[in-house]
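Q: Please take one close look at the strand pairing in the model below, and say how the rest of the chain relates to that part.

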Amino acid sequence: MSTILIANWKNKTLSVNDPNVSLLRLFQNHRLDWMHACGGKGRCTTCKVIVLEGMENFSQVTPAENRYRAMGALQSNERLSCQVRVLGDVTVEVPEEYKLPHITYS
Ligand code: FES
């Protein structure tokens, strides 16, 4: 079983019970409120995570992510949570610009 650590959200730690679901769905399954303006369709970047450790433990970069990388809207250390699956231990952060106002981050 893999683990997701959210470093700037009080070190929340989530277990990955199903490697076939997206990271965004894992957040939702753990009742974490995470921005996802397009509804998880790969048409925005509001669901992105900054990857601090374990980039190699995500699934392959998707066409949607490549499109945003080419536009400069997704950096090489970022992934779209609605597009990726978690295949091993990772540490991520919530981007400053997509923090939700009703949540206290660390
Ligand atoms: S929610 Fe819009 S790209 Fe992920």
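A: The strand pairing is described below, after a short account of the whole chain.

The model is predicted: local features need pLDDT of at least 70, side-chain atom pairs count only at pLDDT 80 or more, and totals for chains, interfaces and linings use all residues. Residue numbers start from 1 along each chain, following the sequence as written.

The protein chain has 2 helices and 5 strands, where helices (H or I, at least four residues) and strands (E, at least two) are DSSP runs numbered from the N terminus. Read from the N terminus, the order of the elements is β-β-α-β-α-β-β. The radius of gyration, taken over C-alpha atoms, is 13 Å, close to the 13 Å from the globule rule for 106 residues, so the protein chain is as compact as a globular protein of that length. That rule is 2.2 Å times the number of residues to the power 0.38. The C-alpha trace spans about 30 × 30 × 25 Å along its principal axes.

The sheet itself is open and has 5 strands in the order β2-β1-β5-β3-β4, with mixed pairing; two strands count as paired if DSSP finds at least two bridges between them. At the edges stand β2 and β4 (78-80), each with a single partner strand, so one side of each has no neighbour in the sheet. From one strand to the next, the twist averages 35°, with axes fitted as lines to C-alpha atoms (for helices over the stretch in contact) and angles running from 0 to 180 degrees between N-to-C directions.

The pairs can be taken along the sheet, starting from β2. β1 and β2 (residues 12-16) are antiparallel, with 5 bridges, and Thr3 stands opposite Ser15 in β2. These two strands form a hairpin with 5 residues between them, and Lys10 in the turn has a positive phi of about 55°. β1 also pairs with β5, in the parallel sense, through 3 bridges. Here Ile4 stands opposite Val90 in β5, and Ile6 has Val92 as its bridge partner in β5. β5 in turn pairs with β3, antiparallel and over 3 bridges, with Ile50 opposite Glu93 in β5. Last comes the pair of β3 and β4, antiparallel over 3 bridges, in which Lys48 faces Leu80 of β4.

Several of these strands also contribute to the largest nonpolar core, which has 21 residues. Such a core is a set of buried Ala, Val, Leu, Ile, Met, Phe, Trp, Tyr and Cys residues joined through C-beta atoms within 7 Å; a residue is buried if 20 or more other C-beta atoms lie within 10 Å of its own, exposed if 12 or fewer, and partly exposed in between, with C-beta atoms placed from the backbone. Among the members that touch the most others are Ile4, Val90 and Val92, along with Leu23, Leu24 and Leu26. β1 (2-6), α1 (23-29), β3 (48-53) and β5 (90-93) each give two or more residues to this core, and α1 gives the most, with 4 residues. Beyond its neighbours within four places in sequence, Leu24 is in contact (C-beta atoms, placed from the backbone, within 7 Å) with Trp34, His36, Gly40, Cys47, Ser81 and Cys82.

Definitions and conventions
Two residues are in contact if their C-beta atoms, placed from the backbone, lie within 7 Å.
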